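This report goes through a structural model from the overall fold down to single residues. The sequence and coordinates come first.

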2 protein chains.
Amino acid sequence: MRHTAPLNAHLMGIDTHEEPIVFMRSDCAICRAEGFTANTRLQVQAGERSLIATLNIVSNELLAEGLIGFSDSAWEFLQLADRQPVRVRHAPLVRSLGALRKKIYGHALNALEISAIIRDISGRQYSDIEIASFLTASAAGHLSAAEVTAMTRAMVGSGNQLQWPGAERIFDKHCIGGLPGNRTTPIVISIGSAAGLMIPKTSSRAITSPAGTADTMEVLTEVDLPLEKLREVVEHTGACLAAGGKVGLSPVDDLLIRIERALDLDSPGQLVASVLSKKIAAGSNHILIDMPVGPTAKLRSREEACELAGVFHQVAGALGIQLRCVITDGAQAIGNGIGPVEEARDVLAVLRNRADAPPDLAERSLFLAANLLSMASGEALDSTLPQAREILYSGLAWQQFRRICEAQGGLKTLGQAPHQSCLQAQRSGKLRSMDNRRLAQLAKLAGAPSSPLAGLRLHVKTGDSVIPGQPLATLFADTPGELAYARDYYHQNRDLFDIEATS
Amino acid sequence: MRHTAPLNAHLMGIDTHEEPIVFMRSDCAICRAEGFTANTRLQVQAGERSLIATLNIVSNELLAEGLIGFSDSAWEFLQLADRQPVRVRHAPLVRSLGALRKKIYGHALNALEISAIIRDISGRQYSDIEIASFLTASAAGHLSAAEVTAMTRAMVGSGNQLQWPGAERIFDKHCIGGLPGNRTTPIVISIGSAAGLMIPKTSSRAITSPAGTADTMEVLTEVDLPLEKLREVVEHTGACLAAGGKVGLSPVDDLLIRIERALDLDSPGQLVASVLSKKIAAGSNHILIDMPVGPTAKLRSREEACELAGVFHQVAGALGIQLRCVITDGAQAIGNGIGPVEEARDVLAVLRNRADAPPDLAERSLFLAANLLSMASGEALDSTLPQAREILYSGLAWQQFRRICEAQGGLKTLGQAPHQSCLQAQRSGKLRSMDNRRLAQLAKLAGAPSSPLAGLRLHVKTGDSVIPGQPLATLFADTPGELAYARDYYHQNRDLFDIEATS
């Protein structure tokens, strides 16, 4: 079918997140002639670029005649200019949807079929509901290791790929997550790269948590490095601590993760493809996976962790990647701070060997760094752990961290939140546990991570005895409203600190 | 979590189809305080009504301060008035999503779980991607007959239910579809109700075809009958030929079908629940299913039809419904007209026993009517077929059809399209077959069904010998542009008429 007469592009000023939407007037002659109605899938051609978008029909006040409106993400993907002529037509059949149907019917897909699906998702040919259908059909262990391997490869191919000429072994680490405050990455990377490992580390910003590593690093230095700058930093210092966003490694992963989270689907296959594709695209071939297990962490049991580790090992093996999974204690929050700045304080305290440095964060970082060193040297932990300690306690790690930050744009000074409030214990007893999820929620209500100064600082650890009036934590916020809002939540959720009355 | 301060409702003038969308300004204090971003799912409370909607963030020019914008369908569902105060908060956990996850993991759901899912979809608690996930997880035979039965029951409960006191047996018919021009319903219902059967028939408008029964009936009489009027018509005449839209029978079906079609999922379980829920809600307990089988019809093989019939029988049995499935020839379009008015011409020609009445439409209608009569009397077709013929040929069916139309608001006169064009054969030979799908496409490009006069009229049938220049069909359109557009398509698709050269 031919394309219609051109319309002129107009940025609507509507952020629909990643789903591309186009807007046309109800009286538009093209809609009538072509039979376009609300929800029709349209192929939009703008110069050399094209995508498939969903149509919304708007009243005449919102759009002048002869114009076609675009949502923010559609505008950006097509790299449109105001009034640029574009053509629309009924979306042609997306051929990889045939493979999706095959998967729905329970058949295995071959590498070509999987790569066609990933390419079409990446090229904005799939609607959100089609992505949702694909994720549903491939959730719950419905993907074989061969399929996850093919998917990982296809995802690597969806974006930029870094190469490190001259370097044979490239390292990386990843944490499965779910533990507030578990900000080991800056410390582990500093120790590892101080020992000579090359670690081009990119991290994500928080999506559902009060801080991601990128959010924490952003209060310490520049993290939005263009690809060339990132390469320079790694070549100069052996490592980087950058945000993944601008670098474009496995960008299709962001499209998948958004729908996966909205559906609250935890699929081991998707998780493994997501993690490994980012690392492989960064050029890494030696990857350490930290798997905290605990009742309120992402992995609830050792069995769950072992099953996931099994998929990781199979896929990494097929892709020629050295991989080590370590199961760690995920019983409670790590360090004392939650939120970008408060977590950065803990990181700095550990790196600078300060007396108030949280020992759990230091120990966990040393354990992970020792594992990286062990993967590199082949030596056992009882020789690499002392080596990691030496690098941290001698100040070498701190020196290396500063080198990385200087290379990325300079070390920043941490600020202080203008509003704070103390959360006190109401009765005496022993602190049995803390609910990680509700602690994270509390920090988010106070404004983290979009207010980097917002969050909280814990003053107690599991096992501590407390008395009435004793400060359990301090809340930080940018505004009195947010502070009040977080306090309200705490008053309705005092049991997030589980205090056992002592007799 | 508490609700925030109220915002005032504003109708954006954006038709997003069924997906409820709310629009808030990027500088809105509530967004910032609550951490709402584009794509956040929000619960909206407006007086006693509430729904869950997806948030889009808009620039300040599109929405004044203190306002919250609504898409057309969200506005309608909440029955909002301009500037009505509404409250929003993060959507609470939708509990039936737990059951959805169970289904994704391959477990059977019980009736309570299924009814919770259907209730939440019906109550606009599910996003489109969640509905897509549910349909994917229950496609491809993943629903047992017990699950389909539970779903049918829950769907019946989602809307209005008709009762017919005093009448024991209520009849209905349904066609699985895919054959253009197959407009037997008005004829079958006229014959059946003339014979004394009660048939409260509601039909849908076309979604992807050039005409639905409701579109065809709409050019002949009023079809958008409110519930009370429909009841009156049926009580007065024994039948009706109404559109389903306003009556609200199994309305959740429309939400499911929209996503199913967008995903091009053909799931027997969903199909059976969809059809039976509408009929049962209309009070029917004797249902005839017409299953045309042909290479370009919806059902491609007898095996496929038999499998579907099996699900129909199991579920109908569990629900105490008498059901008969008949497999009919779906090799080619039925009658000569395609499009609302052209199909209505064929229907009238058959009912009025005109010499130019298409015999295939008459024979098929008689066969289906005889099956209805046979279900009623228990007699075999060789005695009910003559009975049906007698009713049609004596003029009783035509008299009954006019009674129904008069009761619904009067019989209308058919118009004539202002533009028409003849499609001629290019070579001589025998017409081997016609492609139903592309014929339907041709009629749609000419403007059907939104222009009721648009469509086409066939002048040949499979098996006919044709010579160059012989008219194969006439195209009808409201505008020269649509006519040209359809002609273009024909010139690129001449092989939709498969003419075998005769030697």
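The text below covers chain A as a whole, then its domains, then selected sites in chains A and B.

**Overall fold**

The model is predicted. Chain A contains 18 helices and 19 strands. Its radius of gyration is 25 Å, close to the 23 Å given by the globule rule for 503 residues, so chain A is as compact as a globular protein of that length. Along the principal axes, the C-alpha atoms of chain A fill a box of roughly 80 × 55 × 45 Å.

Buried residues make up 59% of the 503 residues of chain A. Among contacts in chain A with a separation of 6 or more, 78% are between residues 24 or more positions apart. The accessible surface of chain A is about 19300 Å², and carbon and sulfur atoms account for 49% of that surface. Chain A carries 49 positive and 53 negative charges, and the mean positions of these two sets are 1 Å apart.

**Domains and a buried helix**

Chain A is divided into domain 1 (7-90), domain 2 (97-156), domain 3 (171-247 + 261-408) and domain 4 (419-500). The C-alpha centres of domain 3 and domain 4 of chain A are 26 Å apart. Between these domains of chain A, 30 residues of domain 3 are in contact with 20 residues of domain 4.

Helix α5 of chain A spans residues 128-137; ten of its ten residues are buried, so the helix is largely enclosed by the rest of the structure. Its buried residues include the acidic pair Asp128(A) and Glu130(A), as well as Ile129(A), Ile131(A), Phe134(A) and Leu135(A).

**Contacts of two buried residues in chain B**

Asp435(B) sits in the loop between β15 (429-434) and α17 (436-445) of chain B. Its relative accessibility is 17%; because the cut-off for buried is under 20%, Asp435(B) counts as buried. Leaving aside neighbours within four places in sequence, Asp435(B) is in contact with Thr296(B) and Leu496(B). Asp435(B) and Pro180(B) are 255 residues apart along the chain, and their C-alpha atoms are separated by 10.0 Å.

Thr202(B) belongs to strand β9 (residues 199-203) of chain B. This residue is also buried, with a relative accessible area of 10%. Not counting residues up to four places away in sequence, Thr202(B) touches Leu230(B), Ala242(B), Ala243(B), Gly244(B), Leu249(B) and Lys279(B).

**Backbone geometry**

A cis peptide bond runs from Ala448(A) to Pro449(A), with omega near 0 degrees. Pro449(A) is placed in the loop between α17 (436-445) and β16 (455-458) of chain A. In chain B, Ala448(B) and Pro449(B) are joined by a cis peptide bond with omega about 0 degrees, and Pro449(B) lies in the loop between α17 and β16 (455-458) of that chain.

Two residues of chain B that are not glycines have a positive phi, as tabulated here.

| Residue | Phi | Loop in chain B | Relative accessibility |
|---|---|---|---|
| Ser250(B) | about 45 degrees | between β10 (239-243) and α10 (252-263) | 0%, buried |
| Asn353(B) | about 55 degrees | between α13 (340-351) and α14 (359-377) | 31%, partly exposed |

Which of these counts as buried, and which as partly exposed? Ser250(B), at 0% relative accessibility, is buried, whereas Asn353(B), at 31%, is partly exposed.

Technical notes. Residues are numbered from 1 along each chain as its sequence is written. Chains are lettered from A and ligands numbered from 1 in the order in which they are written. This is a predicted model: local features need pLDDT of at least 70, side-chain atom pairs count only at pLDDT 80 or more; totals for chains, interfaces and linings use all residues. Side-chain values use heavy atoms; hydrogens and water are left out. Helices (H or I, at least four residues) and strands (E, at least two) are DSSP runs, numbered from the N terminus. The radius of gyration is taken over C-alpha atoms; the globule rule is 2.2 Å times the number of residues to the power 0.38. Buried means under 20% relative accessible area, exposed over 50%, partly exposed in between (1.4 Å probe, protein chains only). Contact means heavy atoms within 4.5 Å. Accessible areas come from the Shrake-Rupley method with a 1.4 Å probe; for residues, only the protein chains shown count as cover. Lys and Arg count as positive and Asp and Glu as negative; His and the chain ends are not counted. The place of a charge is taken as NZ of Lys, CZ of Arg, CG of Asp or CD of Glu. Domain bounds come from an automatic or database domain assignment.
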